[in-house]
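The following report describes a structure for a reader new to the subject. It treats the metal sites, the strands and the cysteines in turn.

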Amino acid sequence: MSRVLLHVSDLHFGRVPEGMAGALLAAAREIRPDVVVVSGDLTQRARVVEFEQARAFLDQLEFPTLVIPGNHDVPLYNPYGRFIQRLARYRRLITDDLTPSYIDDEVAIVGVNTARSLTWKGGRINARQVAQVRSELCELPAAVTRVIVTHHPYGVARLALRAWSSCGADVLLCGHLHIAAAEILGRTVVVNAGTAISTRMRGQENSFNVVKVEKRESVKVEQYVWREKTFQITEKIAFAKMGGEWRKLATYEHE
Ligand SMILES: [Fe+2]
Ligand SMILES: [Fe+2]
């Protein structure tokens with residue numbers, strides 16, 4: 001048995017060109033994922049209209065969806081907003097669940113909110129969150145592939161990953177950098193997604209990942225990049241678990 005996860009990030013509604021959301025929806029319909037994971041930054045400036053666009057996008061996805069917020073989903077310019085409202089708009093228009101999870105007999109996906117703190121750029125994770133996720137992972141059956149979702153990658157990841165890997169964290173899905181990548185960090189496969197549909201590109205085209213997990217033995221990451229007005233697979237990266245450790249097998253260039 002395997003599961004197909006569609007990992008999209010940093011949608012940044014407010015900075016999405018005409019037609020891009022539709023192109024991503026069309027790609028999703030073709031891929032037919034078991035779960036769509038959205039790893040934060042749904043909006044550009046946490047405006048109501050941007051959350052409404054993000055909501056409309058999510059409503060059109062016909063698959064189970066797990067969403068966590070990013071730093072851009074916390075209002076920046078309202079001097080009181082970050083303290084009083086923080087994620088109020090996100091909670092009202094996207095989801096009130098800030099610790100979402102999806103669990104079946106093949107895969108467990110646990111979302112962690114790293115955008116909740118007062119640190120706007122860095123993001124934070126606290127000891128309680130680390131412990132909570134760790135106990136969730138430890139309780140799972142051995143055959144279930146463990147996937148964690150955060151918006152912020154490094155810094156957040158290094159400390160937390162050490163704790164989580166003791167309960168077998170297999171994959172971390174994250175965003176924020178707007179750069180697609182898949183590497184082993186510690187004992188975990190860390191998969192970063194680019195900005196799926198916004199103009200906030202950092203030297204890379206728009207992209208998203210399809211992550212295929214199988215029997216807790218194999219993780220395959222397919223990077224889809226926006227080229228010639230369509231999303232195309234440009235790279236496939238394969239990981240396998242050998243002797244209890246994840247190993248990167250190969251990167252295949254895709255013509
Ligand atoms: Fe972002
Ligand atoms: Fe971000």
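## Metal sites, strands and cysteines

D41 has a relative accessible area of 1% and is therefore buried. The model discussed here is a predicted one. D41 is a suitable starting point, as D41 bridges the iron ion (ligand 1) and the iron ion (ligand 2), which lie 3.4 Å apart. D10 lies in the loop between β1 (2-8) and α1 (20-31), whereas D41 lies in the loop between β2 (35-39) and α2 (48-60), so this pair ties together parts that are 31 residues apart in sequence. D10 also counts as buried, because its relative accessibility is 0%, under the limit of 20%.

### The two iron sites

Which residues coordinate each iron ion? The table sets out the donors of both sites.

| Metal | Donor residues (atoms) | Distances | Angles among the four donor atoms |
|---|---|---|---|
| Iron ion (ligand 1) | D10 (OD), H12 (NE2), D41 (OD), H178 (NE2) | 2.0 to 2.3 Å | 86 to 172 degrees |
| Iron ion (ligand 2) | D41 (OD), N71 (OD1), H151 (NE2), H176 (ND1) | 2.1 to 2.2 Å | 83 to 160 degrees |

The site of the iron ion (ligand 1) is irregular, and the site of the iron ion (ligand 2) is irregular as well. For the iron ion (ligand 1), the donor residues are spaced D-x1-H-x28-D-x136-H in sequence. For the iron ion (ligand 2), the spacing along the chain is D-x29-N-x79-H-x24-H. Here the pair of D41 and H176 links distant parts of the chain: D41 is in the loop between β2 and α2, and H176 is in the loop between β7 (171-174) and β8 (181-185), 135 residues apart. H176 has a relative accessible area of 16% and is buried, because the limit for that class is under 20%.

### An open sheet of seven strands

In what order do the strands of the open sheet stand? The order is β3-β2-β1-β10-β11-β12-β13, and the pairing among these seven strands is mixed. β3 (65-68) and β13 (245-253) stand at the edges; each has a single partner strand, so one side of each is left without a neighbour in the sheet. From one strand to the next, the twist averages 20 degrees.

Strands of a sheet pair through backbone hydrogen bonds, in either a parallel or an antiparallel manner. Within this sheet, strand β10 (residues 207-214) and strand β11 (residues 218-227) run antiparallel and are joined by eight bridges. N209 stands opposite Q223 in β11.

### Strand β5 and its partners

Is strand β5 enclosed or open to the outside? Five of the five residues of β5 (residues 107-111) are buried, so the strand is largely enclosed by the rest of the structure. V107, I109 and G111 point one way from β5, while A108 and V110 point the other way, and all are buried.

Strand β4 (residues 101-103) runs antiparallel to β5, and three bridges join them. A hairpin through three residues connects β4 to β5, and Y102 stands opposite I109 in β5. Strand β6 (residues 145-149), by contrast, runs parallel to β5, with five bridges joining the two. In that pairing V107 stands opposite T145 in β6.

### The cysteines

How many disulfides are counted in the model? The count comes to one disulfide. C138 and C167 form it, with their sulfur atoms 1.5 Å apart. C138 lies in helix α5 (residues 127-138) and C167 in the loop between α6 (156-165) and β7, so the pair ties together parts that are 29 residues apart in sequence.

The two partners fall into separate classes of accessibility. C138 counts as partly exposed, because its relative accessibility is 41%. C167 counts as buried, because its relative accessibility is 7%. C174, in turn, is in no disulfide: the nearest cysteine sulfur is that of C167, 20 Å away. A disulfide requires the two sulfur atoms to lie within 2.5 Å, so C174 does not qualify at that distance. C174 is buried, because its relative accessibility is 0%.

Note on methods. Residues are numbered from 1 along each chain as its sequence is written. Chains are lettered from A and ligands numbered from 1 in the order in which they are written. This is a predicted model: local features need pLDDT of at least 70, side-chain atom pairs count only at pLDDT 80 or more; totals for chains, interfaces and linings use all residues. Side-chain values use heavy atoms; hydrogens and water are left out. Donors are N, O and S atoms within 2.8 Å of the metal (3.2 Å for Na, K and Ca); water is not among the atoms, so sites may look incomplete. Four donors count as tetrahedral if all angles lie between 85 and 135 degrees; four count as square planar and six as octahedral if opposite donors are over 155 degrees apart and all others between 65 and 115; anything else is irregular. Helices (H or I, at least four residues) and strands (E, at least two) are DSSP runs, numbered from the N terminus. Buried means under 20% relative accessible area, exposed over 50%, partly exposed in between (1.4 Å probe, protein chains only). Two strands pair if DSSP finds at least two bridges between them. Axes are lines fitted to C-alpha atoms, for helices over the stretch in contact, and angles run from 0 to 180 degrees between N-to-C directions.
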